[in-house]
4 protein chains.
Amino acid sequence: MTRAERLRLSRRAQVLDAARRLFAEKGYHATSIHDIIAAADIARGTFYLYFESKRAIFDELLDGFFATLSKAVRRIDTSPGASPPLDQMHDTVERIFAVLGQERSMARILIREAVGLDEEFDRKLRDFYGRVTDLIARALREGVAMGLVRPCDPDVVSWCVLGSVKQVIDRVFVDGAGDQDATRLGRELIGFILNGVFR
Amino acid sequence: MTRAERLRLSRRAQVLDAARRLFAEKGYHATSIHDIIAAADIARGTFYLYFESKRAIFDELLDGFFATLSKAVRRIDTSPGASPPLDQMHDTVERIFAVLGQERSMARILIREAVGLDEEFDRKLRDFYGRVTDLIARALREGVAMGLVRPCDPDVVSWCVLGSVKQVIDRVFVDGAGDQDATRLGRELIGFILNGVFR
Amino acid sequence: MTRAERLRLSRRAQVLDAARRLFAEKGYHATSIHDIIAAADIARGTFYLYFESKRAIFDELLDGFFATLSKAVRRIDTSPGASPPLDQMHDTVERIFAVLGQERSMARILIREAVGLDEEFDRKLRDFYGRVTDLIARALREGVAMGLVRPCDPDVVSWCVLGSVKQVIDRVFVDGAGDQDATRLGRELIGFILNGVFR
Amino acid sequence: MTRAERLRLSRRAQVLDAARRLFAEKGYHATSIHDIIAAADIARGTFYLYFESKRAIFDELLDGFFATLSKAVRRIDTSPGASPPLDQMHDTVERIFAVLGQERSMARILIREAVGLDEEFDRKLRDFYGRVTDLIARALREGVAMGLVRPCDPDVVSWCVLGSVKQVIDRVFVDGAGDQDATRLGRELIGFILNGVFR
DNA sequence: CATGAATGAGTCTTCATTCAT
DNA sequence: TATGAATGAAGACTCATTCAT
């Protein structure tokens, strides 16, 4: 990598950083290009050298975060040698919480700012969450087949699972409801998902 | 009520209707006053005769829907003569689904467009959902005391319950995932909330 | 005069009154028809029953005040039996001050609000002040002829006289510089006009 | 100064120029941003690049003119070696007339358009004229002490002096009463101020 | 006479994007 | 690459005036 390329990359990162902070803080619409270039300390034209538009930079932030999150969410491995499904579930939840805890701005952007922005973004969100619920539903189907999971509509239940996770994230990482212990939260969450509220 | 008053009301309703449809369709920001008055077939000034601003009309729509929804959500009555808690739960879910089914635009506005609009709206949403989770958490505490509900953190679990409901609503009434049978959905949802996924 | 006519007149007066107060207080542009009808406690349409437009009511106020003021300003009578010119001058100044003292709102409107409103008003003001300076210039010419007034350009000096009077009015009746004794002010003013500043 | 800076300055000047001309011609309220940008041949946004608002540009014009005028008005120097007070007075009047003669638009704006615009502008005018009358009153007091000026209320007389000057300016530079010889006008004006009308 | 709902031209201002240097 | 001056479409909102009742 040449020096120029490295500079270019750092410039990009610098702008992305400023944008992420601002989008999380003020929201997409309330953040102007002016805000971003002021925070990144670059000229107006320079912004458009690295990004096509305001939308594009938001897009990139979101896509990057989808990728990060996707890595945290793994399909449950039910092959003989794998660790117990419950442990895998736990690990996924912990990985998700770890990512969100480190990138609260992105958590906020994902949960608050990207919602209802426009059709394109709505589609992206739907796709991402769709991939997640597909994983969950598939796991549920396997679970049912194995007799571990009670008979249910795996699709509807997968939405419930996703909704539970999202709402906990919203309260904890976006609203910032107290500085909760992520491990305990994960245990409560998984406890609910597995057992519901009944004794 | 005089004829003039009736006219006035219908005018308001006419504008509110157009605004609701547009906000749901295109989102808050993408909907301009121009769009609203064109859809309502009134003059620019007439809009401001009935509403203070674009924000104000959105506010009114949202507040009205909060009121409607609030009526659907009732505290679970555990006094001797009351019907079984489970039935009450079912009824609440059915009432919510009924309201949302009839007012899909408002469902969309609530779930998509009002999220992350600005601090004022965020506060409103937080307040509304806060009231709902308070009701749920209180019911859980009573349930625990009565030995019906397994020991858990009622707050976290109340978020999970809310999240489950919201996500199902999102998929069904906003994305419009097939024309699902509301009663069946309610049963699946409640099944999950009560029992989780475990057999 | 019929009862209806009397009512009509009082209505007019009521509106004129409100308008005068508001124009003096907030200025022509900052005063809206809404302000006027609210203050006069009449309906929007009623305003246009009595006055053609916002401009028209301002016009009427100004014209009325021109008439009142014009009555206060009298040509100096140099015929044999008349009272001394100096006394006449004094009397005119006192009459002007009396009118302005009673109608401070109109004083303010005349000096502040009517200036630079539009060409039509500028012309009206020019005409009024022109009539006044004509009177003054004519008196000066007679004075020169009689050997009372020093040789000078009567036009320029008439402007100076008018300017002196206007500025004193501005300071005293518009800015309200202390509650000055009108008689003393008049004496100082006339003293200056007659003798200038030299000993 | 870089080329860019020079360009920037000339742009500003170009806009200021157009605005000055328009404000003088049509008045503050009748001049729209549209008029200004059309006259200056710039885009709407460009205007706001250089000026915060319509008010701000008017402000700047007025402040600049106050500064120019203030330089023309000098305190009368009565120290031993100074030129005769009368000559100094003459010089000040000539300087004022010279400035106004060259900037008729600003003369009109000062005398007509800035009057009664709003409280802020009224205050500015009052301050400026207040500084002028303070200078005059102080000179008068010294004159009285030196036995040159007849005993009088220096404040009231200072208003008269200001009023005389303003009215002459109004007639000559704003209404444009003939192409008067400024020197002669100055002499007539000073003659009046010093001696009044009496022989 | 009185009303006040309705009108719509007109205003100021913002801001994402372009492009000559 | 980097700059930032320039652009102009688009936005929300005001208010004098009209007219059907």
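Reader: What pattern does chain A follow when read along the sequence?

Author: In this predicted model, chain A reads as α-α-α-α-α-α-α-α-α. The secondary structure of chain A comes to nine helices and zero strands. Along its principal axes, the C-alpha trace of chain A spans about 60 × 35 × 35 Å.

Reader: How many of the residues of chain A count as buried, and what share of its contacts join residues at least 24 apart?

Author: Chain A has 199 residues, of which 36% count as buried; the criterion is 20 or more other C-beta atoms within 10 Å. Among the contacts in chain A between residues at least 6 apart in sequence, 62% join residues at least 24 apart.

Reader: What makes the contact between chain A and chain B, in terms of residues from each chain?

Author: Chain A and chain B each bring 40 residues to the contact. On chain A, helices H6 (104-113), H7 (119-145), H8 (154-174) and H9 (182-195) each supply at least two residues to the side that touches chain B. H8(A) gives the most, with eleven residues. Sorted by class, this side of chain A has 18 nonpolar, eleven polar and eleven charged residues.

Reader: Why can it be said of chain A and chain B that the copies meet through the same surface?

Author: Of the interface residues of chain A, 98% are also interface residues in chain B, so the two copies use the same surface to meet.

Reader: How do you know in what way the two copies are related?

Author: Chain A superposes on chain B, with an RMSD of 0.2 Å, through a rotation of 179° and a shift of 0.0 Å along its axis. The two copies are therefore related as by a two-fold rotation axis. Of the residues of chain A, Gly196(A) comes closest to this axis, its C-alpha lying at 1.8 Å.

Reader: What turn and what shift lay chain C on chain D, and how many residues of chain C are in contact with chain D?

Author: A turn of 179° with a shift of 0.0 Å along the axis lays chain C on chain D, with an RMSD of 0.2 Å. In chain C, the C-alpha nearest the axis belongs to Gly196(C), 1.8 Å from it. The contact joins 40 residues of chain C to 40 residues of chain D. H8(C) supplies the largest share of the side of chain C that touches chain D, namely eleven residues. Since 98% of the interface residues of chain C are also interface residues in chain D, the copies meet through the same surface.

Reader: How do you know whether chain A and chain D touch or do not touch, and how far apart are their nearest C-alpha atoms?

Author: Chain A and chain D do not touch, and their nearest C-alpha atoms are 13 Å apart. Chain B and chain D do not touch either, with nearest C-alpha atoms 21 Å apart.

Reader: Which residues come nearest to DNA strand F, and what makes up the surface near it by class?

Author: Around DNA strand F there are 36 residues, and those that come nearest are Ala43(A), Gly45(A), Gly45(B), Ser53(C) and Gly45(D). Among the elements that give two or more residues to this surface are helix H3 (44-50) of chain A and helix H2 (33-40) of chain B. By class, the surface near DNA strand F has 14 nonpolar, twelve polar and ten charged residues.

Reader: Which residues have the most contacts inside the largest nonpolar core?

Author: The largest nonpolar core has 104 residues, and Leu189(C) and Leu189(D) have the most contacts inside it. Another core lies apart from it, with 103 residues, including Leu117(A), Trp159(A), Ala18(B) and Ile193(B). Neighbours within four places in sequence aside, Leu189(C) is in contact with Val93(C), Ser164(C), Val165(C), Val168(C), Val156(D) and Cys160(D). In soluble globular proteins, nonpolar side chains tend to be buried together.

Reader: Why does Asp41(A) count as buried or exposed, and what is its phi?

Author: Asp41(A) has 10 C-beta neighbours inside 10 Å; the limit for an exposed residue is 12 or fewer, so Asp41(A) counts as exposed. Asp41(A) sits in the loop between helix H2 (33-40) and H3 of chain A. Although Asp41(A) is not a glycine, its phi is positive, at about 60°. Most residues other than glycine have a negative phi.

Reader: What is the phi of Asp41(C), and where does Asp41(C) lie?

Author: The phi of Asp41(C) is near 55°, a positive value in a residue other than glycine. Asp41(C) lies in the loop between H2 and H3 of chain C. Asp41(C) has 10 C-beta neighbours inside 10 Å and therefore counts as exposed.

Terms used
Residues numbered from 1 in each chain as written. Chains lettered and ligands numbered in written order. Predicted model: local features only at pLDDT ≥ 70, side-chain atom pairs only at ≥ 80, totals over all residues. Contact = placed C-beta atoms within 7 Å. Helix = DSSP H or I, 4+ residues; strand = E, 2+ residues; numbered from the N terminus. Nonpolar A, V, L, I, M, F, W, Y, C, P; charged D, E, K, R; others polar. Least-squares fit on C-alpha atoms with pLDDT ≥ 70 in both. Near = placed C-beta within 6 Å. Core = buried A, V, L, I, M, F, W, Y, C linked by C-beta atoms within 7 Å.
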